[in-house]
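Here is a short guided walk through one protein model, written for someone meeting strands and helices early in their studies. Keep the structure open beside the text and find each part as it comes up.

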Amino acid sequence: MKLSEQWLREWVNPPATIEQIAERLVMGGLELEIEPVCAEMPRGVVVGRIVSLEPHPNAERLRVCQVDVGKGAHSAIVCGAANARAGMVAPVALPGARLPGGMEIKVSALRGVESSGMLCSASELGLAEKSEGLLELDPDARLGTPIEKHLALDDRILNLEITPNRGDCLSVVGLAREVAALFGVQMTRPRAKQAVVVGVDRHAVEIESQADCSAYAGRVMYGLNARARTPDAMRERLRRSGVRSIQPLVDVTNYVMLELGQPMHAFDGSKLSGTVRVRRARKGEALTLLNDQALELQHDELLICDDSGPVALAGVMGGASTAVSASTSRVFFESACFAMSAVAGTGRRHKLASDALYRFERGVDPDLQRAALERATELTSQICGGEAGPVSYAGRALPETRIRLRHARLTKLLGHDISAKDVEALLARLNVSTRNEVGGTWATQVPSWRYDLRIEADLVEEVARLYGYDRIPAKPYAAQLAPGRPSEADRSLSSIKQRLAARGWREVISLAFADRAVQERLNPGVEAIALDNPIADNQSLMRSTLWGGLIEAWRYNHARQAPRLRLFEAGVCFTRVGGAITETPRVAGLAAGSAWPEQWGAPARAIDFYDVKADLEALLGEPAAFGFEAGAHSALHPGRCARVVERGRAVGWIGELHPGLVADLGLPSAAVVFEVDAAALRRSRVPRARAVPEFPASRRDLALVVPETVTGAALEAAVRKAAPETLQEVFVFDVYRGPNLGTTFKSMALGLIFQDSSRTLTDVEIDSAMARINAEVAATLGATGRT
């Protein structure tokens with residue numbers, strides 16, 4: 001937000017330079033910079049009037065103007081501006097003048113006609129980057145007045161960055177309150193003249209939901225001069241605030257918004273019919289806005305309507321059908337207080353932004369509507385004349401905000417004792433009233449414009465701001481902080497990353513936004529979360545898998561001569577479950593290229609499923625709790641992928657990318673990927689000491705013929721189910737397929753280690769266990785012994 005120093009000093013004028021004011025505001029929590037009105041002040045430019053003009057004898061597009069600059073004799077000036085006309089008042093650069101950029105004006109001949117100066121545009125004076133035609137000034141401007149005096153160019157602009165909680169500072173009066181509080185001075189409040197009500201011309205107003213709009217005020221003004229022009233002083237203040245002058249009625253609403261902080265809207269009164277209502281949109285309604293954007297209203301947007309239908313998007317933008325124009329002679333001014341929640345979603349949903357929405361999202365003073373309406377009436381009467389009708393009003397009084405403040409709590413939080421008298425005086429600067437209660441406590445009442453003051457800590461912060469952070473001495477914190485005791489069973493995400501890095505993987509960090517086309521290929525069964533305002537078409541969704549970012553990183557690096565890559569990312573994925581957005585931290589990886597770096601010890605081969613599976617198993621904190629089950633994933637190669645399960649619950653996937661996906665995305669090869677919930681990887685088994693066995697172990701090998709569909713994990717599970725507790729280890733050490741077994745069977749050889757910590761096992765005990773195991777695998781898996 002930008003505001004003029006001169007405008008601010010009309011409301012509050014502390015005995016300080018603008019630099020000192022800026023420094024105090026920064027220390028009070030507002031970021032700002034000071035900018036000049038002009039980078040370079042024009043010199044020798046005065047106010048002049050074009051008395052007459054005639055065509056240039058030697059140039060079709062030029063005209064010779066006779067200009068009065070208040071010196072009696074007229075100056076002949078050659079001008080090519082299309083808007084030049086007799087009677088027009090404009091800036092005149094006289095011979096010897098110096099314009100921004102270093103241009104010096106001299107008497108010179110243009111196409112054979114002597115020109116004694118130059119008529120100037122706004123851009124030539126350094127007031128705009130570009131402009132069309134001459135800068136038109138007030139018709140009653142005093143001729144010969146230096147332009148820097150007429151436009152008050154000896155001014156500075158405060159360019160402020162207002163935090164979302166300080167919407168009360170988005171105006172001259174709001175910033176003046178802040179300056180007055182910080183300096184401990186009184187504000188000078190220009191009083192708006194009460195309008196003289198003539199007649200009964202009005203539009204009744206109604207609010208269907210008080211929760212959406214606490215106050216709505218409106219007034220009709222009629223008999224306006226349609227040819228009126230916004231005065232230079234108002235135009236300049238709008239320009240210095242970054243607002244373009246459009247038309248007197250629109251300029252008045254913008255001026256009041258900047259001055260008082262109340263967004264307003266001007267409807268062409270001749271285009272309104274009946275009662276003005278604040279209500280929610282109904283299904284099938286449509287509205288075309290001032291920016292010509294056509295909206296289909298389907299989300300219960302808050303609207304301003306008359307008897308014919310919607311005429312404005314409440315708190316955001318007016319409708320084109322009721323816009324004021326150069327012919328408007330009857331206007332209906334709107335001044336309302338819309339709830340923050342009622343308008344914020346509307347702007348984001350329809351990708352709209354406006355100065356009004358910016359303020360309503362942060363909160364507008366609910367007691368300001370009538371005062372703003374009176375100020376707009378006063379300014380309109382001064383510029384356009386006309387008569388004012390009575391105010392139409394609907395609304396309710398909002399409950400007052402009362403906060404209990406304890407002196408002891410304030411002292412404890414600040415670590416510094418500020419006297420009760422000083423606390424009361426500081427709060428009084430903010431218009432916070434206080435009443436003493438027993439026990440060193442105040443009952444306070446917060447002014448209506450301070451939406452950010454809601455709890456005791458807010459008042460403590462305000463006292464500290466006004467007292468001065470630099471006056472609070474630094475002290476060592478006296479609290480006793482007990483060190484945290486993380487559980488051994490919960491590994492940190494950092495340790496998981498370090499283990500992957502130790503195995504040759506490199507971490508990447510990608511944006512949480514995804515390309516819709518890629519996302520639907522990688523995770524087609526998941527409901528995507530669309531962004532309201534994506535920064536690019538290929539980043540329109542929140543990611544539901546980390547694979548998209550890894551694939552893009554692989555593609556980028558492969559194109560830059562890095563064919564062998566091991567990439568991983570730890571991040572959050574977003575899904576919608578039952579209408580609610582769920583964020584799930586996950587760890588994912590992608591491996592492509594050769595299995596080993598270039599070397600001579602082993603034949604070169606491409607990385608495969610089992611290489612990545614080995615690295616993933618090394619991450620598992622409790623390997624016995626995890627398993628890999630055959631499954632089908634649309635993004636992974638059938639038969640070369642597996643579901644990662646933890647105690648029977650699916651926690652991730654591993655596999656080679658599907659050939660169709662590789663072809664569609666134009667990938668260099670079929671990389672191997674994995675993705676697992678981070679919470680599952682962080683769980684770890686706490687090591688427990690165990691005595692070294694004193695008795696020998698016994699090994700038995702078991703060769704079984706099983707159907708081709710039986711996995712090693714299923715076979716191991718059946719063995720452990722039937723075996724006694726003395727079975728310590730089961731592992732597959734050979735798999736055989738041959739013509740003698742056919743195409744539907746295979747042979748798997750298992751090693752079984754038996755051991756008891758208290759005695760030596762007998763052959764009879766081990767044979768009995770082996771018999772039970774053979775019976776179990778035969779019954780459950782159809783396994784037979786291989787001879």
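## A sheet and its partners

Arg219 stands opposite Val391, a residue of strand β21. Before going further, please keep in mind that this is a predicted model.

The pair belongs to a wider arrangement. Strands of a sheet pair through backbone hydrogen bonds, either parallel or antiparallel. Here, four strands form an open sheet, and their order is β13-β20-β12-β21, with antiparallel pairing. Which strands sit at the edges? They are β13 (264-268) and β21 (387-395), each of which pairs on one side only. On average, neighbouring strands of this sheet are turned by 20 degrees against each other, if direction is ignored.

Strand β12 is a good place to look more slowly. Between β12 and β21, which run antiparallel, there are seven bridges. On its other pairing, β12 (residues 213-222) meets β20 (residues 330-338) in the antiparallel sense over nine bridges. You can trace this pairing through two of its partners: Cys213 is bridged to Phe338 of β20, and Tyr222 is bridged to Arg330 of β20.

Is β12 buried or exposed? Nine of its ten residues are buried, so β12 is largely enclosed by the rest of the structure. A helix also lies across this sheet: α9 (residues 369-384) lies across β12, β13, β20 and β21, and runs at about 20 degrees to β12.

## Another set of strands

Now turn to strand β3, which also has two pairings to follow. The table lists them.

| Strand pair | Direction | Bridges | One facing pair |
|---|---|---|---|
| β3 (residues 43-55) and β6 (residues 89-98) | antiparallel | six bridges | Arg49 opposite Val89 in β6 |
| β3 and β4 (residues 63-68) | antiparallel | six bridges | Arg49 opposite Asp68 in β4 |

Arg49 appears in both rows: it stands opposite Val89 of β6 and opposite Asp68 of β4.

## Two helices that cross

At what angle do helices α19 and α20 pack? Helix α19 (residues 712-722) and helix α20 (residues 763-781) meet at about 135 degrees, and their axes are 8 Å apart. That angle makes α19 oblique to α20. The crossing of the two helices is right-handed.

Which residues make the contact? From α19 come Ala714, Leu715, Ala718, Val719, Lys721 and Ala722, while α20 supplies Arg772, Ile773, Glu776, Val777, Thr780 and Leu781. Sorted by character, the residues of this contact are eight nonpolar, one polar and three charged.

## Two residues inside helices

Met234 lies in helix α5 (residues 232-240). Its relative accessibility is 6%, so Met234 counts as buried. What does Met234 touch? Leaving out residues up to four places away in sequence, Met234 touches Asp251, Val252, Tyr255, Leu379 and Ile383. For a sense of distance, try Met234 and Asp611: they are 377 residues apart in sequence, and their C-alpha atoms are 73 Å apart in space.

His407 is found in helix α10 (residues 407-414). With a relative accessibility of 18%, His407 counts as buried, because the cut-off for buried is under 20%. Not counting neighbours within four places in sequence, His407 is in contact with Asp417, Ile418, Ser419, Ala420, Gly440 and Trp442.

## Two backbone angles to notice

Most residues other than glycine have a negative phi, and most peptide bonds are trans. With that in mind, look at two residues in loops.

Where is Asp292? It sits in the loop between β15 (286-288) and β16 (294-296). Phi of Asp292 is near 70 degrees, a positive value in a residue other than glycine. Is Asp292 buried or exposed? Its relative accessible area is 63%, so Asp292 is exposed.

Lys351 belongs to the loop between α7 (340-349) and α8 (355-360). Its phi is near 55 degrees, again a positive value in a residue other than glycine.

Conventions: Residues numbered from 1 in each chain as written. Predicted model: local features only at pLDDT ≥ 70, side-chain atom pairs only at ≥ 80, totals over all residues. Heavy atoms only, no water. Pairing = 2+ DSSP bridges. Axes fitted to C-alpha atoms, helices over the stretch in contact; angles between N-to-C directions. Contact = heavy atoms within 4.5 Å. Parallel < 35°, antiparallel > 145°, perpendicular 65-115°, else oblique. Left-handed = near helix turned anticlockwise from the far one by under 90°. Nonpolar A, V, L, I, M, F, W, Y, C, P; charged D, E, K, R; others polar. Buried < 20%, exposed > 50% of the residue type's maximum accessible area, 1.4 Å probe, protein only.
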